[in-house]
Amino acid sequence: MGRRSGVLEFAVLGLLHDAPMHGYELRKRLNILLGTFRALSYGTLYPCLKSLVAQGFLVEDNPDVEYVPATALNGKRSKIVYRLSAEGKQRFEELLADSGPDAWEDEHFGVHFAFFGQTDRAVRMRVLEGRRSRLEERLERMRNSLARARERFDDYTVELQRHGLESVEREVRWLNELIETERSNRTGRTGPDTGGSSAGPRKTSDGRGQQTGSSDPSGPPYDRPGRSDQER
């Protein structure tokens, strides 16, 4: 996959895998499901849809009806409904099975995580472990950078870098919990109580006998896959 275009392609195919929908509904679902697409515009979505149609991954129902963007004045919506073709379903399965380095990156990981419910457990494990490895490398760089920043920058710049470091540390703890839950389910052991959610256990050990929580709303990255430069 490419960068943003590939992420959008994956998200569109994944949502249409559940059910056909017209462009307006699809855009709403993208904005609700994926934080990285909150600012998604019709000018971004519709070229992607047309490209997927041209590649044979999507089929348009009522394709002869010209699309008129909805406005407060005309209240019109597209009557074109998009659905996956057989090739589109195969393409989604291929993207779903991707567990390589691209799947570990900020933007891509968020989309992969959104479709974890349809993903093979072995693929989920590879993506989670790869993501954790990538963030642990980032943590090392950020800690070194913070040590140098204390000598070179003012207190506010240092505080901003420290905030970014703590955000990545929270995500690593969250990933540790998810990985432990996946392993527990795979071996048939009874995992920690998740309150009926698949998001992972409530608490885990930080390696020093201390129990750490996982319910920090700012921790999980699936609703904010992109990060600022200070957090990289």
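Biologist: Which residues are linked in a network of salt bridges?

Modeller: This is a predicted model, and 16 salt bridges are found in the structure. Side chains of opposite charge can pair when their charged atoms come close. Some of these bridges join into a network, and the residues linked in it are Asp106, Arg131, Arg138 and Glu171.

Biologist: How many residues apart in sequence are the parts tied together by the pair Asp106 and Arg138?

Modeller: Asp106 and Arg138 form a salt bridge in which the closest N and O atoms are 3.2 Å apart. Because Asp106 belongs to helix H5 (residues 106-114) and Arg138 to helix H6 (residues 121-152), the pair ties together parts that are separated in sequence by 32 residues.

Biologist: Are Asp106 and Arg138 buried or exposed?

Modeller: Buried means under 20% relative accessible area. Asp106 has a relative accessibility of 5%, and Arg138 has a relative accessible area of 4%. Both values fall under that cut-off, so Asp106 and Arg138 each count as buried.

Biologist: How many of the 9 residues of H5 are buried?

Modeller: The buried residues of H5 are Asp106, His108, Phe109, Gly110, Val111, His112 and Phe113, so Asp106, which was met above in a salt bridge with Arg138, is one of them. Helix H5 is therefore described as mostly covered, the number of buried residues among its 9 being 7.

Biologist: Which residue caps the N-terminal end of H6?

Modeller: Helix H6 has 32 residues and reaches 46 Å from its first C-alpha to its last, which is close to the 46 Å expected at 1.5 Å a residue. At the N-terminal end of H6, a side-chain oxygen lies 3.0 Å from the backbone nitrogen of Ala122, and the residue that provides this oxygen as a cap is Asp120.

Biologist: Within helix H6, what is the N to O distance in the salt bridge of Glu137 and Arg134?

Modeller: Glu137 and Arg134 both lie in helix H6 and are 3 residues apart, about one turn of the helix. An α-helix has 3.6 residues a turn, so residues three or four places apart point the same way. Glu137 is partly exposed at 42% relative accessibility, whereas Arg134 counts as buried at 18%. Their side chains meet in a salt bridge with an N to O distance of 3.9 Å.

Biologist: Which residues of E3 have side chains that point to one face and are buried?

Modeller: In a regular strand the side chains alternate between the two faces of the sheet. Along E3, Val81 and Arg83 point to one face and are not buried, while the side chains that point to the other face and are buried belong to Tyr82 and Leu84.

Biologist: Which residue meets Arg83 in a salt bridge?

Modeller: Strands E2 and E3 pair in the antiparallel sense over 4 bridges, and Leu84 is the bridge partner in E3 of Leu58. The salt bridge of Arg83 has an N to O distance of 3.3 Å, and the residue whose side chain it meets there is Asp61. This pair links distant parts of the chain, 22 residues apart, with Arg83 in strand E3 and, in strand E2 (residues 58-61), Asp61.

Biologist: Which residue has the backbone oxygen that the side chain of Ser85 reaches?

Modeller: Ser85 lies in the loop between strand E3 (81-84) and helix H4 (86-96), and counts as buried at 8% relative accessibility. A polar atom of the side chain of Ser85 lies 3.0 Å from the backbone nitrogen of Gly88. Leaving aside neighbours within four places in sequence, Ser85 is in contact with Gly56, Phe57, Leu58 and Val59. Among these, the residue whose backbone oxygen the side chain of Ser85 reaches, at 2.5 Å, is Gly56.

Key:
Residues are numbered from 1 along each chain as its sequence is written. This is a predicted model: local features need pLDDT of at least 70, side-chain atom pairs count only at pLDDT 80 or more; totals for chains, interfaces and linings use all residues. Side-chain values use heavy atoms; hydrogens and water are left out. Helices (H or I, at least four residues) and strands (E, at least two) are DSSP runs, numbered from the N terminus. Buried means under 20% relative accessible area, exposed over 50%, partly exposed in between (1.4 Å probe, protein chains only). A polar contact is a pair of N or O atoms within 3.5 Å; within protein, one must be able to donate a hydrogen and the other to accept it, and residues adjacent in sequence count only if both atoms are side-chain atoms. Contact means heavy atoms within 4.5 Å. A salt bridge is a side-chain nitrogen of Lys or Arg within 4 Å of a carboxyl oxygen of Asp or Glu. The expected span of a helix is 1.5 Å times one less than its number of residues. Two strands pair if DSSP finds at least two bridges between them.
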